[in-house]
Amino acid sequence: MNPTESSFLINQASLITSSSAYHPQLDAFNASLSLFGQAPYAYVTIPAIHATATATADVNQVVQIANLTAFAAFTTALLNSETVSLQVNGNTGLHEMAFPETTVNYNKTVQLSGLNHLAGFNVTSFSINLVPSANGTNLVGEVLIPNPSVFTFAMGNVTMNLSVAGQPIGISTLSDLVIAPGNNTVPMTSVTNQTAVLELITGTYKDGMLPVDISGNSSVYDGVHLTYYEQALASVTQHVVLNVGAALKAAGVNL
């Protein structure tokens, strides 16, 4: 949340359990975050923990991106994979009663659910405006974006390229896009080339069913391009079939 080109907000609570009879104190420490086997993309402060049978570690902080290339690789893997491996590394001090302090090397790999190529993405409804609005919008609708991960993504204004068989037909915008865990239904506005669309459905696609490819173009939050999201979005193309013939008929056009 609250992303910039060089930082993001992390807010996570982790439950730590132990069956040991000993309940040591772990000092706060800095931990690196990385896609497994890759360079760290950020460092977070893990708070001190008293390792009782159950303990909670709350991490709520603005994190500076240490390696933009590595973070873009992480977001791209997260978007394109069913699961990703997050590596957390660091060193901390361990205290137990009167025993001398011991240094602990914390090295943990966590399996996280990814967005799996945005599987389930769909345009759930849309209508065509024969007279465009002042900004050129001539198609409005809603899209479904499933998010099986635990992450919430604040992406700002996201634009997407629309094409049919490699021919560009327009641009769609998802304004102030936030993808929370679960199913997200969000409004979509589009500026389409209606002449090109009419040529397609009176030519190759006479049944009015248009196979549209949708690919990410830009992600702009508070006027700033988030290149690590843009790289991830550009790596995925969604394929939907839109009943443009029925939408045109509803708008008063019979072909």
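Student: What radius of gyration does the chain have, set against a compact globule of 255 residues?
Tutor: In this predicted model, where local features need pLDDT of at least 70, side-chain atom pairs count only at pLDDT 80 or more and totals for chains, interfaces and linings use all residues, the comparison is with a rule of 2.2 Å times the number of residues to the power 0.38, taken over C-alpha atoms. Residues are numbered from 1 along each chain as its sequence is written, and side-chain values use heavy atoms, with hydrogens and water left out. A compact globule of 255 residues would come out near 18 Å, whereas the chain has 24 Å.

Student: What box do the C-alpha atoms of the chain fill?
Tutor: The box is taken along the principal axes of the chain. Its dimensions are roughly 85 × 35 × 30 Å.

Student: How many helices and strands does the chain have?
Tutor: Both are DSSP runs, with helices (H or I) of at least four residues and strands (E) of at least two, numbered from the N terminus. On that basis the secondary structure comes to four helices and 16 strands.

Student: Which share of the contacts in the chain with a separation of 6 or more joins residues 24 or more positions apart?
Tutor: A contact here means heavy atoms within 4.5 Å. Among contacts with a separation of 6 or more, residues 24 or more positions apart account for 68%.

Student: What percentage of the 255 residues is buried?
Tutor: Buried stands for under 20% relative accessible area, exposed for over 50% and partly exposed for what lies in between, with a 1.4 Å probe and protein chains only. Of the 255 residues in the chain, the buried share is 42%.
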